[in-house]
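Hi there,

Here is the structure I promised to pass along. My notes on one helix and its surroundings follow below.

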Amino acid sequence: MTKHNFSAGPSILPKEVFDGSSNAILQYQQTGLSIIEMSHRSKEVGLIIEEAKSLVIELLNLNGNEYEVLFLQGGASLQFLMVAYNLLNKKAGYLNTGSWSEKAIKEAKFFGEVIELSSSKNNGYRSIPKDFDIPDDIDYVHMTSNNTIYGTQYHSAPKTNLPLVVDSSSDIFSREFDYSSYDLIYAGAQKNVGPAGVTLVVVKKDILGKVSREIPSMLNYNIHIEKKSLFNTPPVFAIYATLLNLRWIKKKTIKSIGQNNLKKAKMLYDEIDNNKLFKGFVDVQDRSLMNVTFDLVDNNLSNTFDVIIEQSNISGVKGHRSIGGYRASLYNALPIKSVEALINCMDELKIKFNK
Ligand SMILES: *Cc1c(COP(=O)(O)O)cnc(C)c1O
């Protein structure tokens, strides 16, 4: 029996992706070759990359003449420094909404001055900062759209005329959203995109080429654009699995995926708000639709709850080690019935303790 997988990442992907990528390992189409033994310069792999790129543009509803799609490696964590390497001349502004933002800030400081435009650190990252000014003498603004660890999410993009860079690792393709507000979008694949090992970067070409420093080839967006993500051997298998997932998203449509994600989140937050044994971790208006963080009001019940969870075949709901409690990640492929299974566990605990 498969588990209800609430893991924050790597995380659940559609069954079609597991099936299709398994078949491709045995033999890719009628080529007589496995996908993992095929040249990245072959016609087949060229077609995989082209289709994946155009699906990314289509699903994010962007103009393909303005934006380039890259499949890189090194995770979102390498983007923390690659963004600054390519865009930071003197000064950049960062919105600090949690651990991932902090890490991005730390790496950017290798390349110039970094100012925190706003931070929710002093309330334990339980909210999204709302009031802040953006000075016009900075090179770009960086934000984390969904805070995977704390469970907060921006529900609209901040307004600015400066280049806006977003780490969208844990909410890309999860809802209808105006992605053209952003000039550079990056995401480690292993949440809503595909398997770990590939990193998606979507960048507006006209923000590049403006820094004065020399950039080593492997870290230079323009080189990867010029070489069409084939500057070196790309992670072909991970890109293929990503393509299968993008096809699945297209078939479902972003609109219906967004509605489904909203429904799942609402079901679980309603339970948290109505079940007296539980409490949410973040401000209601900033709640993430992807990563739902919550805790028991009385920690003495945690052993009992953990047993109930395990007996219900639920996996991956332990909170991040830095905040504890519980975290249920509701990525695109997680079915409603998994959310129902978790809610049943919470109800079972309530009945047991007669609340
Ligand atoms: C998971 C995650 C990362 C880290 O991604 P890696 O691919 O492991 O480097 C960065 N930012 C956010 C928002 C994440 O959720």
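**Helix α8 and its neighbours**

In this predicted model, helix α8 (residues 302-311) and helix α9 (residues 336-352) have axes that come within 9 Å and cross at roughly 135 degrees. That angle lies outside the ranges for roughly parallel, roughly perpendicular and roughly antiparallel (over 145 degrees), so α8 counts as oblique to α9. The crossing of the two helices, α8 and α9, is right-handed.

If you want to look at the contact itself, α8 contributes Thr 304, Phe 305, Ile 308 and Ile 309, while α9 contributes Cys 345, Met 346, Glu 348, Leu 349 and Lys 352. By type, the residues of this contact between α8 and α9 are 6 nonpolar, 1 polar and 2 charged.

Now to α8 on its own. Which of its residues are buried? They are Ser 302, Phe 305, Ile 308 and Ile 309. These residues sit on the same side of α8 because they cover an arc of only 125 degrees around the axis. The general background is helical geometry: with 3.6 residues a turn, residues three or four places apart in an α-helix point the same way.

The buried residues of α8 pack against α9 and also against the strands β11 (278-280), β12 (291-296), β13 (314-315) and β14 (326-329). On the face of α8 turned away from that buried side you will find the exposed residues Asn 303, Glu 310 and Gln 311.

One last backbone detail: Asn 313, just after α8, takes a positive phi of about 65 degrees.

Happy viewing, and best wishes!

Definitions and conventions: Residues numbered from 1 in each chain as written. Predicted model: local features only at pLDDT ≥ 70, side-chain atom pairs only at ≥ 80, totals over all residues. Heavy atoms only, no water. Axes fitted to C-alpha atoms, helices over the stretch in contact; angles between N-to-C directions. Helix = DSSP H or I, 4+ residues; strand = E, 2+ residues; numbered from the N terminus. Parallel < 35°, antiparallel > 145°, perpendicular 65-115°, else oblique. Left-handed = near helix turned anticlockwise from the far one by under 90°. Contact = heavy atoms within 4.5 Å. Nonpolar A, V, L, I, M, F, W, Y, C, P; charged D, E, K, R; others polar. Buried < 20%, exposed > 50% of the residue type's maximum accessible area, 1.4 Å probe, protein only. Arc of directions from axis to C-beta.
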